[in-house]
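Thanks for sending this one over. I have put together a short note to read alongside the coordinates.

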Amino acid sequence: MKKILVLNGPNLNLLGLREPAQYGSTSLPDVEAMCRAAGQRLGYEVECFQSNWEGGLIDKIHEYGRLYKERLALGCVFNPGAFTHTSVALHDAIKGVDGLPVVECHISNVHAREPFRHHSFVSPAAAGIVIGFGVQGYVIALEALVRTQEQDTDQTLPR
Ligand code: DQA
């Protein structure tokens with residue numbers, strides 16, 4: 001069974017406790033269980049990984065870049081947290097693995113928030129973006145990844 005990585009960046013381990021008005025009351029383990037269940041329904045093994053460290057996220061992207069080339073992974077759903085707005089290194093990691101489709105995902109609608117959240121260094125390297133649908137966005141992103149990246153299922157996208 002091919003793998004999909006659900007990758008979460010800094011402070012997302014605090015989901016459920018952290019600013020619930022912004023991010024809701026669902027914990028990260030519950031979000032990860034939701035993602036694994038969605039993966040099973042879609043026919044994929046979902047691996048979940050969270051780090052507060054930029055390097056940990058970069059290493060995981062490199063690992064999945066290798067798995068993608070070996071056809072053992074389909075892609076990645078990635079909420080980079082605040083590194084979205086600061087990290088050239090994450091942009092370069094996604095570009096650097098050359099091929100791994102990454103769906104950027106944000107729980108809150110970052111464009112309705114502070115101006116410093118309006119720019120993403122990750123978006124130009126992403127295959128697509130899901131923003132503002134709460135934690136359901138992770139499942140939407142998984143479905144979007146599967147629909148668009150499965151061989152020959154989407155004839156509408158350029159290859
Ligand atoms: C976030 C939005 C970011 O601006 C913020 O720093 C986060 C969470 C979101 O999921 O809405 O940590 O990525």
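The points below take the sheet and then the ligand site.

1. A word on the source before anything else: this is a predicted model, so please read every value here as computed from it.

2. Let us begin with the sheet. It is open and built from 5 strands in the order 2-1-3-4-5, with parallel pairing. Strand 2 (45-50) and strand 5 (128-131) sit at the edges, each pairing on one side only. On average, neighbouring strands are turned by 20 degrees against each other, direction ignored.

3. Have a look at the pairing of strand 4 (residues 102-106) with strand 5: the two run parallel and are joined by 4 bridges. One residue to pick out is H106, whose bridge partner in strand 5 is I131. H106 also belongs to the residues that surround the ligand.

4. Helix 5 (residues 136-149) lies across strand 1 (3-8), strand 2, strand 3 (73-79), strand 4 and strand 5. Its direction is about 150 degrees to strand 3.

5. Now for the ligand. Its surroundings are R18, Y23, N79, G81, A82, H85, H106, I107, S108, V110 and R117. Sorted by class, this shell holds 4 nonpolar, 5 polar and 2 charged residues.

6. Which residues place a polar side-chain atom by a ligand oxygen atom? N79 does so at 2.8 Å, and R117 at 2.9 Å. A82 contributes a polar backbone atom instead, 3.2 Å from an oxygen atom of the ligand. The protein covers 99% of the 320 Å² of accessible area that the ligand has on its own.

Terms used:
Residues numbered from 1 in each chain as written. Predicted model: local features only at pLDDT ≥ 70, side-chain atom pairs only at ≥ 80, totals over all residues. Heavy atoms only, no water. Near = heavy atom within 4 Å. Polar contact = N/O pair within 3.5 Å; in protein donor to acceptor, adjacent residues only side chain to side chain. Areas by Shrake-Rupley, 256 points an atom, 1.4 Å probe, with all protein chains shown as cover. Nonpolar A, V, L, I, M, F, W, Y, C, P; charged D, E, K, R; others polar. Pairing = 2+ DSSP bridges. Axes fitted to C-alpha atoms, helices over the stretch in contact; angles between N-to-C directions. Contact = heavy atoms within 4.5 Å.
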